[in-house]
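Student: Got a minute? I'd like to go through this one with you.
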Amino acid sequence: MSMLQQYGVLFGLIIGAFGFVVCLFVITRISGRIRQEPGKDVPATAGQLSRDPVWVRYHARYYGYALLFLAFDMEMAYMYPWAVVYKEVGIVALLDMGVFLLILFLGLLYGWSQGALRRQ
Amino acid sequence: MTTLLVLLLLAMGVYCVAVLEAWITSGRFRLMAPACSAIALLGRESVVPRKPDLLFFEMAPIVLLVAALLAAAVIPLSPDLIITDLATGALFLNAALAYVLVALIMAGWGPNGAYAMIGGWRFLGQLVAYAMLIVMPITAVAMRAESLATTDIVISQSGLWNVFYQPLGFVLFFLAAMGLAFLPPFDLPIAKGELASGVEAEYSGVRLAVFRLGRMVLIVTLAAATVTFYLGGWQGPSLPPWLWSAIKILLVTAAMLLVGRYVPRIREAHLLAWCWKFGIPLALLNIFIVGILLVVIP
């Protein structure tokens with residue numbers, strides 16, 4: 001299969017999954033409908049509407065980790081091509097990436113020492 | 001044709017895993033249980049909570065299912081039983097699995113319910129914890145295989161399985177995969193008994209059925225990924241390749257479910273701290289060790 005065909009198959013998979021779910025919805029729609037009763041559509045908060053609105057700003061207490069995560073995630077984007085050619089290039093590749101990773105790892109240690117690895 | 005065959009095998013795997021999960025969590029072995037509960041779920045009302053974000057609410061289960069299916073598409077069950085043998089298979093797997101987070105955030109935000117919302121945001125924290133432990137061990141695997149294609153990765157293990165070559169990476173990947181599939185010790189977004197099912201709380205009927213199906217496919221896919229990257233994929237003596245894949249995948253799933261049965265749920269703060277203070281240094285060490293091994297023993 002050519003590259004384009006492969007992505008075509010993947011696209012077909014998405015459409016197929018979507019169609020499957022739509023079929024399920026149609027089957028259940030045919031077999032019965034929702035009886036509208038008061039209070040049925042209240043979200044699961046002990047049987048009554050929550051006192052405060054739900055769509056509010058949520059304090060992401062892991063933001064220290066999240067910032068470090070960004071740095072590491074970017075680094076991983078470089079590591080995949082490096083990993084593929086690693087054996088060819090040999091020990092030089094290890095040293096190159098080692099220096100890069102060492103700097104990043106020192107950053108992690110520094111963040112740790114400054115209390116970034118803590119639920120804020 | 002291959003696609004249909006793989007999807008059929010995947011469906012059978014999902015059914016087996018559903019039976020297995022019911023057996024491990026309830027202690028009763030019933031072959032018909034998943035079929036009965038599927039029919040029951042389809043027969044029930046699927047209530048939409050008041051004032052939802054309808055697009056997010058309706059799409060979340062579908063996105064979960066699609067993400068799991070796309071990830072499954074690059075997993076080889078035997079040399080030719082693979083839906084798409086992409087040259088960037090391992091990377092594609094990561095990209096597809098990233099949408100699990102999107103699905104859960106949508107499922108958390110959509111229904112406008114407090115528990116679901118907390119569950120969704122919690123899973124974002126969980127992603128920050130496990131994501132590096134998925135990608136870093138895969139890097140070490142790709143270093144050995146000199147390729148990102150999943151079939152090449154399996155072939156690279158014909159001498160020695162990666163589970164013996166890089167045991168550290170296997171342990172990290174196994175645990176991170178459980179975190180990604182939110183299986184019991186890491187089931188923070190669902191957290192029955194604490195969050196009242198979290199992101200699943202507002203789903204009922206057919207929507208819940210699709211959500212659960214998506215999660216089951218996800219579990220099977222992650223077990224299959226573990227087998228592909230670390231347990232030699234389809235390789236094994238005498239039996240046909242696809243049967244070896246099936247046996248290994250079921251064993252890995254059983255191991256994942258069993259761990260969840262005997263370990264209490266971990267707190268989000270602890271999960272984050274352990275993953276970043278121990279997991280990531282160990283994952284980097286794993287890459288370093290594999291790098292040395294590859295240079296020393298060609």
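Tutor: Sure, we'll take chain A, then the contact between the chains, then a helix pair. Keep in mind that this is a predicted model.

Student: What does the secondary structure of chain A come to?
Tutor: It comes to 3 helices and 0 strands. From the N terminus on, the order is α-α-α.

Student: What radius of gyration does chain A have?
Tutor: Chain A has 25 Å. A compact globule of 120 residues would be near 14 Å. Along its principal axes, the C-alpha trace of chain A spans about 70 × 50 × 15 Å.

Student: And how many of its residues count as buried?
Tutor: 15% of the 120 residues in chain A.

Student: Switching to the contact. How many residues does each chain put in?
Tutor: Chain B gives 52 residues and chain A gives 46.

Student: Which elements of chain B give two or more residues there?
Tutor: On the side of chain B that touches chain A, they are α2 (33-43), α3 (54-72), α5, α9 (205-230) and α11. The largest share is from α5(B), with 11 residues.

Student: How does that side divide by residue type?
Tutor: The chain B side has 36 nonpolar, 11 polar and 5 charged residues.

Student: Back to α5(B). At what angle does it cross α11(B)?
Tutor: Roughly 10 degrees, and the axes come within 9 Å. Here α5 covers residues 114-145 of chain B, and α11 covers 268-296. Angles under 35 degrees count as roughly parallel, so α5(B) and α11(B) are roughly parallel to each other.

Student: What residues make up that helix contact?
Tutor: For α5(B) with α11(B), 18 nonpolar, 6 polar and 3 charged.

Technical notes. Residues numbered from 1 in each chain as written. Chains lettered and ligands numbered in written order. Predicted model: local features only at pLDDT ≥ 70, side-chain atom pairs only at ≥ 80, totals over all residues. Axes fitted to C-alpha atoms, helices over the stretch in contact; angles between N-to-C directions. Helix = DSSP H or I, 4+ residues; strand = E, 2+ residues; numbered from the N terminus. Parallel < 35°, antiparallel > 145°, perpendicular 65-115°, else oblique. Nonpolar A, V, L, I, M, F, W, Y, C, P; charged D, E, K, R; others polar. Contact = placed C-beta atoms within 7 Å. Rg over C-alpha atoms; globule rule 2.2 N^0.38 Å. Buried ≥ 20, exposed ≤ 12 C-beta atoms within 10 Å, placed from the backbone.
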